[in-house]
Amino acid sequence: MTPKKILLLNLLLLLNASLIEAQSTLQYSPGTEPSNSFPKPRIACGPWIQAAGETEFTVVWETNVPCISWVEVAPDDGTNFYATERPKYYESRYGRRPVSTLHHVRIKDLQGGTRYRYRVFQQALLLDEGNKRMIFGEAYGNDFNFTKIEFKTKTLDPSRSESRFTMVNDIHGEDSLFRRLTKDVVKEKIDFVIFNGDMLSQIESTQQIVDGYMKSASELFSPFIPIFAVRGNHEHRGSASYDYMRWFPTSTNEPYYTFRDGPAFYIAMDCGEDKPDNDIRYYGLSLTDQVREEQAEWLKQVVASDEFKSAPVKIVILHIPPYSKGTQWHGMREINRLFMPILNSAGIDLMLSGHLHSHHYLEKGTTDNNFPILINSNKTRLDAIIDKERINLKIVDADGKIVHNYLIKND
Ligand SMILES: [Fe+2]
């Protein structure tokens with residue numbers, strides 16, 4: 001090889017090495033795009049409202065690339081969103097803003113029963129050299145002027161005379177059914193939507209949550225109407241099941257929590273697995289006996305609290321009911337052993353369940369239950385209107401037809 005060729009080869013090797021080094025420091029491989037072009041951060045799914053309360057709510061959304069994010073909030077007072085600088089709320093992970101594709105921003109110190117507009121923003125991480133150098137791209141937000149859609153939601157209001165909600169359960173990733181059941185919830189002027197478990201059959205990736213129901217929820221209602229979600233037994237399963245609480249954070253940071261809306265106090269509970277924890281299909285990973293034991297101790301404190309006792313109406317949300325037409329599996333037996341004695345003496349007005357994939361309305365006393373239990377099927381939604389005197393329940397099928405109707409008078 002001639003000296004000229006050796007020099008040329010060395011130059012090529014040097015160029016190649018510097019290209020590899022440059023690419024390795026980039027957060028995103030440019031791929032087919034020009035080398036100076038980075039993906040634009042976009043909302044991949046959401047937003048949706050979690051952990052709503054009288055004075056706060058949490059906005060959650062997913063972006064297509066890792067970003068830092070924030071939310072700006074304005075009262076729904078008729079002013080232009082751009083009339084003035086709006087307060088910014090950031091996600092804080094122990095005092096540091098996380099770079100992530102899933103964003104949780106808690107908005108607090110709000111007024112009860114008040115509607116707020118909000119705007120979500122994200123900035124992609126373009127270059128990550130650790131503490132030496134981090135470069136973020138330009139900010140992107142949902143643009144009200146461009147899309148004409150303003151995200152807005154309302155805080156809960158304990159002083160209101162009514163509480164209205166819609167519940168779905170056991171969707172098992174059947175997105176088309178989910179869409180048909182929830183397509184009109186925005187029009188119905190409800191306060192929140194309940195996901196009462198088994199929305200997927202297992203969670204192998206968070207994309208399954210998107211494809212199974214959350215993309216549709218985002219398009220149909222979730223930027224506007226808070227979601228209260230509880231796990232069914234199936235949400236305990238799959239490689240990405242650990243991410244469930246990141247997608248549906250709660251006010252307690254546990255999969256069980258409470259909230260108050262209008263006259264009703266709601267206890268949202270975690271049913272655990274249906275089979276014993278040592279079942280071969282749980283691969284030694286299931287500890288739901290422990291979660292139910294801990295939850296029973298928490299439940300005792302809840303029913304002893306002034307907030308619970310002073311509420312005119314008391315509702316329990318629990319995926320697995322304490323009832324089966326046949327013999328009971330382990331999870332159900334544990335619910336009967338641990339939860340029912342506490343609930344039966346607490347003055348509960350109604351339990352809402354799913355799991356059985358068929359409709360049942362259990363009058364008080366059907367199965368050692370001191371309160372009625374509504375078990376919604378996997379093909380219907382439940383619409384509820386609750387005031388101090390009565391609980392009005394309608395079971396509606398995917399065609400919008402009311403198939404069952406119940407009126408429960410409060411004692
Ligand atoms: Fe289930």
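This note goes through two sheets and one helix of a predicted model.

1. The sheet around β13. An open sheet is built from 6 strands in the order β11-β12-β13-β14-β16-β15, and its pairing is mixed. Its edge strands are β11 (257-261) and β15 (360-362), each of which pairs on one side only. On average, neighbouring strands of this sheet are turned by 15 degrees against each other, direction ignored. The next five points stay with this sheet.

2. Strand β13. Is β13 enclosed or open to the outside? Strand β13 covers residues 313-317, and 5 of its 5 residues are buried, so the strand is largely enclosed by the rest of the structure. The burial holds on both sides of the strand: Val 313, Ile 315 and Ile 317 point one way, Lys 314 and Val 316 point the other way, and all are buried. A reader checking the model may want to look at Lys 314, which is listed among these buried residues.

3. The neighbours of β13. On one side, strand β12 (residues 264-268) runs parallel to β13 and is joined to it by 5 bridges. Ala 268 has Ile 317 of β13 as its bridge partner. Strand β14 (residues 350-353) also runs parallel to β13, and 3 bridges join the two. Here Ile 317 stands opposite Leu 352 of β14. Between β13 and β14 the chain passes through helix α8 (residues 330-344), and this β-α-β crossover is right-handed. Ile 317 is thus a useful residue to find in the viewer, with Ala 268 as its partner in one pairing and Leu 352 opposite in another.

4. Strand β14 and beyond. Both faces of β14 are covered. Leu 350 and Leu 352 lie on one side, Met 351 and Ser 353 lie on the other, and all of them are buried. Strand β14 is joined to strand β16 (residues 373-375) by 3 bridges, and these two strands run parallel. In this pairing, Ser 353 stands opposite Ile 375 of β16.

5. The antiparallel pair. The pairing of β11 with β12 is antiparallel and extends over 5 bridges. Tyr 257 has Ala 268 of β12 as its bridge partner. The mixed character of the sheet can be followed here: β12 runs parallel to β13 but antiparallel to β11.

6. Ala 268. Which strand holds Ala 268? The residue lies in β12. With 23 other C-beta atoms within 10 Å, Ala 268 passes the cut-off of 20 or more and is therefore buried. Its contacts, leaving aside neighbours within four places in sequence, are Phe 228, Val 230, Tyr 256, Tyr 257, Thr 258 and Ile 317. Thr 258 is 10 residues from Ala 268 in sequence, and their C-alpha atoms are 5.8 Å apart in space. Two of the contacts, Tyr 257 and Ile 317, are also bridge partners of Ala 268, in β11 and β13.

7. A second sheet. Another open sheet of 6 strands has the order β10-β9-β8-β17-β18-β19, again with mixed pairing. Strands β10 (227-230) and β19 (402-409) are at the edges, each pairing on one side only. From one strand to the next the twist averages 20 degrees. Within this sheet, strand β17 (residues 380-386) pairs with strand β18 (residues 390-397) in the antiparallel sense over 7 bridges. One bridge of this pair joins Thr 380 to Asp 397 in β18. Helix α3 packs on the sheet, touching β8 (163-168) and β17, and its direction makes about 160 degrees with that of β8.

8. Helix α4. What span should α4 have, and does the model agree or disagree? At 1.5 Å a residue, the 15 residues of α4 (residues 206-220) should span 21 Å; the end C-alpha atoms are 19 Å apart, which agrees. The helix nevertheless has a kink of about 55 degrees, centred on Tyr 213. Tyr 213 is one of the buried residues of α4, which also include Ile 209, Gly 212, Met 214 and Leu 220. The buried residues of α4 pack against β1 (43-50), α3 (175-182) and α5 (244-247). Helix α3 therefore appears in two settings, against α4 and on the second sheet.

Methods. Residues are numbered from 1 along each chain as its sequence is written. This is a predicted model: local features need pLDDT of at least 70, side-chain atom pairs count only at pLDDT 80 or more; totals for chains, interfaces and linings use all residues. A residue is buried if 20 or more other C-beta atoms lie within 10 Å of its own, exposed if 12 or fewer, and partly exposed in between; C-beta atoms are placed from the backbone. Helices (H or I, at least four residues) and strands (E, at least two) are DSSP runs, numbered from the N terminus. Two strands pair if DSSP finds at least two bridges between them. A crossover is right-handed if, with the strands pointing away from the viewer, the path from the first strand over the helix to the second runs clockwise. Two residues are in contact if their C-beta atoms, placed from the backbone, lie within 7 Å. The expected span of a helix is 1.5 Å times one less than its number of residues. The bend at a residue is the angle between axes fitted to the seven residues ending there and the seven starting there. Axes are lines fitted to C-alpha atoms, for helices over the stretch in contact, and angles run from 0 to 180 degrees between N-to-C directions.
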